[in-house]
Amino acid sequence: MGSSSSNMNHIPDAEELMQETGFSSAHLLRLYERFEFLDREKRGELTPDDFEAVGRLALNPIGGRIIGAFFSQGQETVDFASFVRILAHFRPADTNRRDGAPQDPANSRTRKLKFAFQLYDQDGDGMISRVELLQVLRAMMGIQVTEEQLQSIAERAIQEADLDRDDAISFDEFKKSLEKVNIDHKMSILFLR
Amino acid sequence: MPSRAGPHSPAGVGKSLPERGLLLLLMVFVFLEGSVLPLGAASSPDISHKENVDNHQVAAVVHNNTKKAFPVLDLDYKHVQTPFEISLWVLLASLMKLGFHLIPRLSGIVPESCLLITVGLLVGGLIKLAGEQVPPVLDSRLFFLCLLPPIILDAGYFLPIRAFMDNLGTILMFAVVGTLWNAFFIGGLLYAVCQIQPANPNPLHTLELLPCLLFGSIVSAVDPVAVLAVFEEIHINELLHILVFGESLLNDAVTVVLYHLFEEYSGQGTVTVMDCFLGVLSFLVVALGGVLVGAIYGILAAFTSRFASHTRVIEPLFVFVYSYMAYLSAEMFHLSGIMALIACGAVMRPYVEANISHKSHTTIKYFLKMWSSVSETLIFIFLGVATVDGPHAWNWTFVTVTVILCLVARVIGVIGLTYVINQFRIVKLTTKDQFIIAYGGLRGAIAFSLGFLLDKNHFPMREMFLTAIITVIFFTVFVQGMTIKPLVELLAVKKKQEAKRSINEEIHTQFLDHLLTGIEDICGHYGHHHWKDKLNRFNKKYVKKCLIAGERSREPQLIAFYHKMEMKQAIELVESGGGVNLPSAVPSTVSMQNIQPKKPPPAKPAERALPQLPRGREEEIRNILRGNLQRTRQRLRSYNRHTLVADPYEDGFGDFLLKKQKMIELEKKIKDMNNYLTVPAAPPDSPTMCRARLASDPQAYRGKPDSDNVPTIHVDLASPQSPDSVNMMDEFRRAGQQQKHQQQEENQGLMMKPPSGQSGPKKPGEADSDRDQQKLTRCLSDPGPSADEDEDEPFLP
């Protein structure tokens with residue numbers, strides 16, 4: 001990879017990004033290449049169409065939500081920096097803190113959970129309401145399930161998790177219900193170390 | 001030790017009379033065991049002698065016609081000898097198990113395996129004292145064909161697939177590379193050690209390299225039986241458990257290949273490169289072939305179970321027979337029988353469980369646990385007996401060097417491998433983990449049996465090998481087995497989490513799986529999740545349709561999980577007597593097979609009417625319900641293989657208490673309720689709520705047929721109260737909120753028609769619930785241990 005250093009120059013703010021997200025230069029390069037691959041019209045930014053071109057996402061029950069997560073409020077496009085920042089959530093947690101690493105890295109357990117939470121909470125009010133939960137369940141289970149069954153499951157789920165009885169799941173309740181799950185393991189991609 | 005403790009029970013432990021009686025019985029039994037077996041040997045010459053005499057007499061009769069007395073009572077031991085002895089051994093094993101748990105202090109300090117070996121030693125000693133020939137109990141055929149399969153099947157059927165697959169790479173590394181390293185290290189160094197000491201002519205000098213390597217390969221394999229026996233009692237966290245246990249299962253392939261390879265070529269004395277290559281090839285064939293054979297039989301079993309809906313009683317048989325055939329078929333081709341058995345159990349389980357009835361499921365679980373328990377006990381006892389029996393050739397150097405090398409090789413191997421593996425793992429293995437893995441590498445009866453199989457002619461040092469193997473086994477089982485528990489406490493290794501999975505965890509875990517798959521797709525990375533997702537899709541699309549009967553083939557994982565949870569909770573609640581307080585019957589709304597499609601509830605819900613009961617009526621109902629419910633002991637939530645005692649500190653208990661509290665609140669609410677909201681009318685053909693399996697049980701109850709004026713109260717008959725009560729409570733809450741928010745919510749819980757001119761809608765309901773209670777007690781007579789180890793594991797989640 002003799003030309004790696006010259007390629008790195010193409011990446012805007014490479015140093016900063018590496019510092020912020022903790023990606024190594026090799027990984028950043030790989031991500032940049034992927035970014036360029038997805039960006040078919042070579043605009044330096046990604047639109048939702050570019051994401052949808054990834055065929056397998058269409059099969060994914062929450063594919064639409066994932067795509068939506070890349071685009072922050074009101075934005076139409078995603079640049080490379082935002083792309084990398086989102087993907088930084090999925091790095092495995094660092095076992096030893098590097099010097100100069102940000103205090104609250106993107107791949108901390110809380111941040112990972114927050115990212116997942118936001119995927120549930122589409123209207124952004126900080127709570128997963130019953131309706132939102134039902135939407136997710138419906139998406140995951142497709143047409144084979146009756147409305148009634150979904151309601152029961154949603155009911156049961158909220159009952160279990162909802163500790164302050166407001167009929168919705170807040171972020172803290174969400175965290176608590178997942179306290180036994182090894183989030184680091186569940187939400188990390190080895191590729192992105 | 002039961003045999004000592006009988007008449008001399010310590011004064012401090014106030015044993016009750018029955019317990020003392022049992023211990024006395026045990027003691028007597030052990031002596032009996034010791035004496036009967038020689039009797040068996042002794043009586044056969046007697047019988048044959050008698051037969052000769054009879055023959056003479058008959059011959060004489062022909063000539064003389066002398067009548068001999070008709071034998072009123074005769075002893076013909078020979079006739080029943082083999083089954084009788086087998087039964088005696090099994091009985092001994094079972095009584096031992098009983099006995100150990102009567103001595104709580106001892107079973108806390110010493111693991112069961114040690115005690116069992118000691119008992120075996122004792123019995124062997126008794127037999128020898130009686131001057132008789134010790135029966136060759138650990139005969140390799142008996143061991144490999146009868147004693148080992150139940151344990152492995154039990155392990156394979158209840159293997160936690162998710163944890164296993166997640167760590168498959170690590171497990172394979174340890175199993176294959178680790179065992180190879182151990183074998184060569186031990187064999188090679190032993191050879192080297194044997195070659196030194198040039199001064200005195202040593203029998204060890206005759207030991208060549210290949211027999212040494214063979215010995216190394218026999219003694220290096222971690223034994224699943226020993227690991228299971230010891231690890232079960234220390235309740236270590238799932239990761240470590242699956243690592244060591246998985247390793248012990250998968251190294252069978254390596255052991256088989258190495259054993260055969262070295263045994264073949266020991267005669268010839270040299271191994272060429274070609275042979276090594278063939279060895280590698282053979283390994284692949286053995287391993288993959290074993291898995292393939294197992295998978296084929298597993299699929300056959302799943303397919304067969306699909307059609308078994310009309311003959312539920314023999315469903316468990318299919319599981320057992322197909323698995324055993326998988327094992328035998330693999331052994332026939334010298335493939336790895338253990339891997340075949342594991343593959344068979346693991347493959348067939350999700351489909352079989354979707355097809356079979358609840359009772360068959362319980363039967364399978366119980367039988368597997370029973371057989372594997374007895375098998376394990378017998379194996380350890382036999383180890384003790386065989387130790388007393390076998391011709392021993394003690395050689396200080398050889399034995400001590402072997403033991404030391406085993407330890408050293410294991411430690412070095414684990415450290416080295418972990419270093420490599422940690423590069424590829426997300427959750428790394430810490431030093432503590434490494435220590436436990438190294439320390440948990442126990443050897444057991446498989447090593448002994450393999451050694452026993454050696455041919456004396458090819459291996460003149462056979463006895464020495466056997467002695468060394470036995471010493472290593474004893475060392476690992478006694479020393480390591482006894483000290484691992486305090487060490488685990490000392491090092492504060494993470495223990496097993498007893499909690500059951502909640503529905504939230506299940507939903508979120510699936511959600512995260514989808515999320516990660518999506519992210520992997522965006523990154524263009526074909527990782528772990530990608531392949532898992534692909535496999536899941538394939539499974540859903542093709543395999544499930546083939547192997548699962550009827551509607552359930554399309555049932556999503558989450559629904560099955562949810563329903564299982566509700567069932568369990570319901571059974572729990574009823575058995576604890578907590579569900580009595582509610583007049584029944586809000587049916588559970590999870591619809592399963594045999595459900596007619598429900599008409600959509602009316603667009604404009606009519607008033608909701610909760611029954612308004614006169615106070616006296618309520619009391620009456622409550623008393624009836626209370627009276628009819630059988631108060632069984634609280635079922636435990638998660639269990640250890642050998643204990644079926646409820647552990648009050650288990651997580652489920654807290655949960656249950658919470659539910660009970662809710663029930664009490666609910667009761668209060670009913671009392672307070674005077675004027676309440678009403679429920680919309682149920683459509684006339686509400687679905688029946690039996691589960692598919694219950695519905696086709698011979699004892700299944702059908703829901704009452706619908707008729708117009710009868711409130712359509714359908715009760716999920718295995719769980720009359722709790723999902724209803726939970727839903728009822730939800731209904732109240734919702735109703736309460738309705739009062740607050742004034743919004744019309746769709747009624748999901750109650751399906752009762754408003755009391756249309758009936759004196760009390762409860763009347764038919766009451767009769768119904770009466771009958772239901774009685775039926776319920778029958779149904780619940782043995783719901784089986786509610787283990788969380790298998791219940792909550794979705795297949796390939």
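**Briefing: a predicted model with chains A and B**

In helix α21 of chain B, the buried residues are B:His529, B:His530, B:Lys532, B:Asp533, B:Asn539, B:Val543, B:Lys544 and B:Leu547. The model is predicted. Chain A and chain B bury about 5600 Å² between them. One salt bridge is counted between the two chains.

**Helix α21 of chain B**

- Helix α21 covers residues 528–547 of chain B.
- The helix bends by about 45 degrees, and the bend sits at B:Asn539.
- B:Asn539 is also on the list of buried residues in this helix.
- Charged side chains are not ruled out: B:Lys532, B:Asp533 and B:Lys544 are among the buried residues.
- An α-helix has 3.6 residues a turn, so residues three or four places apart point the same way.

**Chain A on its own**

- Chain A contains 12 helices and 4 strands.
- Chain A has 193 residues, and 50% of them count as buried.
- Take the contacts in chain A with a separation of 6 or more: 55% of these join residues 24 or more positions apart.

**Where chain A meets chain B**

- Chain A brings 58 residues to the contact, and chain B brings 57 residues.
- Of the area buried between the chains, about 5600 Å², carbon and sulfur atoms give 63%.
- Three residues, A:Arg56, A:Arg156 and A:Lys186, supply 13% of the area that chain A buries against chain B. No other three residues supply more.
- The salt bridge count between the chains is 1.
- In a salt bridge, the side chain of A:Arg156 meets that of B:Glu566, at 2.3 Å from N to O.
- Polar contacts across the interface involve 10 residue pairs, both residues at pLDDT 80 or more.
- Helix α10 of chain A, residues 147–161, gives 11 residues to the side that touches chain B, the largest share.
- By class, that side of chain A has 35 nonpolar, 11 polar and 12 charged residues.

**A close look at B:Asn422**

- B:Asn422 lies in a loop of chain B, between α16 (396–421) and α17 (431–439).
- Is B:Asn422 buried or exposed? B:Asn422 is buried, because its relative accessible area is 15%, and buried means under 20%.
- Which backbone nitrogen does the side chain of B:Asn422 reach? The side chain reaches that of B:Leu429, at 3.0 Å.
- Leaving out residues up to four places away in sequence, B:Asn422 touches B:Lys428 and B:Leu429.

Definitions and conventions:
Residues are numbered from 1 along each chain as its sequence is written. Chains are lettered from A and ligands numbered from 1 in the order in which they are written. This is a predicted model: local features need pLDDT of at least 70, side-chain atom pairs count only at pLDDT 80 or more; totals for chains, interfaces and linings use all residues. Side-chain values use heavy atoms; hydrogens and water are left out. The bend at a residue is the angle between axes fitted to the seven residues ending there and the seven starting there. Helices (H or I, at least four residues) and strands (E, at least two) are DSSP runs, numbered from the N terminus. Buried means under 20% relative accessible area, exposed over 50%, partly exposed in between (1.4 Å probe, protein chains only). Contact means heavy atoms within 4.5 Å. Buried area is the accessible area (1.4 Å probe) that two parts lose on being put together, summed over both. A salt bridge is a side-chain nitrogen of Lys or Arg within 4 Å of a carboxyl oxygen of Asp or Glu. A polar contact is a pair of N or O atoms within 3.5 Å; within protein, one must be able to donate a hydrogen and the other to accept it, and residues adjacent in sequence count only if both atoms are side-chain atoms.
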